[in-house]
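Please open the model in your viewer and keep a selection tool at hand, since this tour moves from one selection to the next.

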Amino acid sequence: MIDLPLCTSFTALHDLLHSTGFVVARNVAVLLAVLFWLGLASWVHRDARRRIGKPFLVFLATLLGLAPPYIGPVVYLLFRPSETLYDVRARRVELQALEQQLARSQPACPVCNSWIEPDFVGCPVCTTMLRQPCAACKAPLEPLWQMCPYCTTPVEPSMVDLDVALTAEVKTISLVDDTIPLVPQAEPRAADA
């Protein structure tokens with residue numbers, strides 16, 4: 001025989017679970033759970049397109065985000081590439097720019113633009129004299145030096161043509177970004193015009 005208070009509690013629980021408010025709340029909760037699941041699958045798809053270059057792998061990642069609800073996106077997070085395709089391309093472009101800058105910073109012959117060592121006296125490709133050798137120790141001298149820094153022998157003034165040396169040095173000064181000179185230029189003033 002069933003106890004009457006136990007039967008009334010089951011009836012009350014049954015009435016509560018089948019009441020209109022509970023049914024509406026349950027349906028709203030299920031709808032929100034499905035929307036959240038589809039939102040996660042959409043996020044997995046968009047993120048996979050940003051990180052994976054092969055369309056088939058993007059499709060597989062999207063299926064993984066859809067197939068096991070709520071677990072698929074977590075698995076995707078564990079195995080997705082750490083960088084986006086944009087980051088990979090940006091890093092590659094930055095490395096190319098650094099390599100080009102490094103190539104430009106190496107000394108080159110002013111005539112044939114071939115690579116030269118800083119202590120070369122002449123260019124081995126086009127035989128252009130790059131520097132004058134010291135009369136005593138034969139070390140290469142820069143055009144503006146007044147004495148040899150290796151053996152302290154004074155450089156004869158006839159060997160030093162300051163106008164030619166300064167003109168050659170001005171030609172080697174380049175612009176930063178083709179707009180900003182490395183050496184500040186005097187700007188014309190309105191009063192000078």
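The stops below go from a charged site to a further ion pair and then to a nonpolar patch.

This is a predicted model, in which local features need pLDDT of at least 70 and side-chain atom pairs count only at pLDDT 80 or more, whereas totals for chains, interfaces and linings use all residues. Residues are numbered from 1 along each chain as its sequence is written, and side-chain values use heavy atoms, with hydrogens and water left out.

Begin by selecting aspartate 47, which lies in helix α2 (residues 20-51); helices here are DSSP runs of H or I of at least four residues, numbered from the N terminus. Aspartate 47 counts as buried because its relative accessible area is 3%, where buried means under 20%, exposed over 50% and partly exposed in between, with a 1.4 Å probe and protein chains only.

Next, show the surroundings of aspartate 47: leaving aside residues up to four places away in sequence, it touches Tyr76 and Arg80, contact meaning heavy atoms within 4.5 Å. With the side chain of tyrosine 76, the aspartate 47 side chain makes a polar contact at 2.8 Å (a pair of N or O atoms within 3.5 Å, one able to donate a hydrogen and the other to accept it; residues adjacent in sequence count only if both atoms are side-chain atoms).

Now add arginine 80, which forms a salt bridge with aspartate 47, the closest N and O atoms being 2.9 Å apart (a side-chain nitrogen of Lys or Arg within 4 Å of a carboxyl oxygen of Asp or Glu). This pair links distant parts of the chain, 33 residues apart, with arginine 80 in the loop between α4 (72-79) and α5 (85-105). Arginine 80 is partly exposed, at a relative accessible area of 26%.

Which residue of helix α2 lies three residues from aspartate 47, about one turn of the helix? Select arginine 50, whose side chain meets that of aspartate 47 in a salt bridge (3.7 Å, N to O); arginine 50 is partly exposed at 47% relative accessibility.

The structure holds five salt bridges, so move on to another of them by the rule already given: glutamate 83 pairs with arginine 91, their closest N and O atoms being 2.6 Å apart. Returning to the earlier site, salt bridges that share partners join Asp47, Arg50, Arg51 and Arg80 into one network.

Finally, select phenylalanine 10 in helix α1, which is exposed with a relative accessible area of 53%.

Key
Helix = DSSP H or I, 4+ residues; strand = E, 2+ residues; numbered from the N terminus.
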